[in-house]
Amino acid sequence: MSACKDQLTPTKTLNSDNNPYVKMLLEDFAHCALDEERAPTHKGLWRQFYEPKKYTEVDLEIGTGNGLHFAHRASKYPDRLLVGIEIKFKPLIQAIRRAQKNSETKNSVILRYNAYRIEDLFTEGELRDVFIHHPDPWPKKKQWKHRLLQPEYLAKLFKIQQSGGILDFKTDSLSYFDWVTPILEESSYKIIKFTKDLHNSEYATDNFQTHFEKIFLRKGQPIYYAQLLRP
């Protein structure tokens with residue numbers, strides 16, 4: 001997932017003739033894909049998104065990519081609403097299309113929104129589980145200020161998550177993982193899983209391999225993983 005702290009260019013101002021995925025977001029998938037104007041209007045109301053059904057919990061994936069994990073999670077927990085955030089149009093449409101391929105499972109919605117402004121989208125305690133898999137590593141030191149998991153961002157997530165919720169984090173960047181580890185340790189979360197080689201760890205059996213994981217596994221690149229509990 002790539003993101004920045006600046007405001008997104010409004011989707012409705014973009015030329016859908018040059019990018020068919022813009023049209024899909026605004027028209028074809030408008031019932032389950034929301035632009036940055038519509039997304040905040042559902043703050044506090046996500047459990048009732050597909051009325052009259054009311055979901056037991058609301059989960060969030062930040063940076064869905066092409067949606068392999070997003071679709072897997074939606075299918076595995078049909079009684080929970082899964083919200084995704086993705087800023088790139090093509091993977092956004094790929095993700096929601098995969099998740100909704102089974103017409104009987106209407107429990108996923110995807111948003112084009114700036115993930116840094118998470119507080120615009122959810123009220124206190126509205127979320128249960130949060131997944132952040134392979135965020136942009138911003139490898140240069142001068143770019144580290146753009147990395148998503150800053151102390152203030154973890155504080156935002158902590159506030160909008162329920163007690164007992166988990167924060168699931170994966171990265172293929174050792175630099176990012178080593179940099180973020182002390183931040184995770186000093187946060188209000190409790191680290192319950194931690195490894196620098198996910199696929200050769202005790203957590204491998206229950207792990208769902210994302211698109212990025214499969215690419216890096218073929219190269220022999222380890223995946224760095226942490227799961228945190230919201231007390």
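**Figure 1. H134 is buried in the predicted model, with a relative accessible area of 5%.** The close-up is centred on H134, which belongs to the loop between β5 and α4 (151-160). Although H134 is not a glycine, its phi is positive, at about 60°. The loop between β5 and α4 also holds W138. W138 is likewise not a glycine, and its phi is positive at about 40°. With a relative accessible area of 17%, W138 is buried, because the cut-off for a buried residue is under 20%.

**Figure 2. A cis peptide bond joins E51 and P52.** The omega angle of this bond is about 10°. P52 is located in the loop between β1 and β2.

**Figure 3. The buried residues of helix α3 pack against two helices, α1 (20-28) and α2 (68-76), and two strands, β1 (33-34) and β4 (108-111).** Helix α3 spans residues 89-99. Its buried residues are F89, P91, L92, I93, A95, I96 and A99. An α-helix has 3.6 residues a turn, so residues three or four places apart point the same way. The packing of α3 against α1 and against α2 is shown in the two views that follow.

**Figure 4. Helices α1 and α3 cross at roughly 50°.** Their axes come within 8 Å. The two helices are therefore oblique to each other, and α1 passes α3 in a left-handed crossing. On the α1 side, the contact is made by Y21, V22, M24 and L25. The residues contributed by α3 are F89, K90, L92, I93 and R97. Classified by residue type, the contact of α1 with α3 comprises 7 nonpolar and 2 charged residues, with no polar residues. F89, L92 and I93 are among the buried residues of α3.

**Figure 5. Helices α2 and α3 pack at an angle of about 25°.** The axes of α2 and α3 are 8 Å apart. This angle makes α2 roughly parallel to α3, because angles under 35 degrees count as roughly parallel. The crossing of α2 and α3 is right-handed. Helix α2 contributes L68, F70, A71 and A74 to the contact, and α3 contributes A95, I96, R98 and A99. By class, the contact of α2 with α3 has 7 nonpolar residues, 1 charged residue and no polar residues. A95, I96 and A99 belong to the buried residues of α3.

**Figure 6. D59 and R73 form a salt bridge, with their closest N and O atoms 3.2 Å apart.** This pair links distant parts of the chain, since D59 is in strand β2 (residues 58-62) and R73 is in helix α2, 14 residues apart. Side chains of opposite charge can pair when their charged atoms come close. D59 is buried, with a relative accessible area of 2%. R73 is also buried, its relative accessible area being 11%.

**Figure 7. D129 and R80 form a salt bridge, with their closest N and O atoms 3.3 Å apart.** D129 lies in the loop between β4 and β5 (130-133) and R80 in the loop between α2 and β3 (81-85), so this pair ties together parts that are 49 residues apart in sequence. Both D129 and R80 are buried. A network of salt bridges links D59, R73, R80 and D129. The four residues of this network thus include the pair D59 and R73 of the preceding view.

**Figure 8. The side chains of K196 and D178 meet in a salt bridge, at 2.9 Å from N to O.** K196 lies in the loop between β7 (190-195) and α6 (211-218) and D178 in helix α5 (residues 174-186), so the pair ties together parts that are 18 residues apart in sequence. K196 counts as partly exposed, at 42% relative accessibility. D178 is likewise partly exposed, at 36% relative accessibility. This salt bridge is one of 12 found in a search of the whole structure.

Terms used. Residues numbered from 1 in each chain as written. Predicted model: local features only at pLDDT ≥ 70, side-chain atom pairs only at ≥ 80, totals over all residues. Heavy atoms only, no water. Buried < 20%, exposed > 50% of the residue type's maximum accessible area, 1.4 Å probe, protein only. Helix = DSSP H or I, 4+ residues; strand = E, 2+ residues; numbered from the N terminus. Contact = heavy atoms within 4.5 Å. Axes fitted to C-alpha atoms, helices over the stretch in contact; angles between N-to-C directions. Parallel < 35°, antiparallel > 145°, perpendicular 65-115°, else oblique. Left-handed = near helix turned anticlockwise from the far one by under 90°. Nonpolar A, V, L, I, M, F, W, Y, C, P; charged D, E, K, R; others polar.
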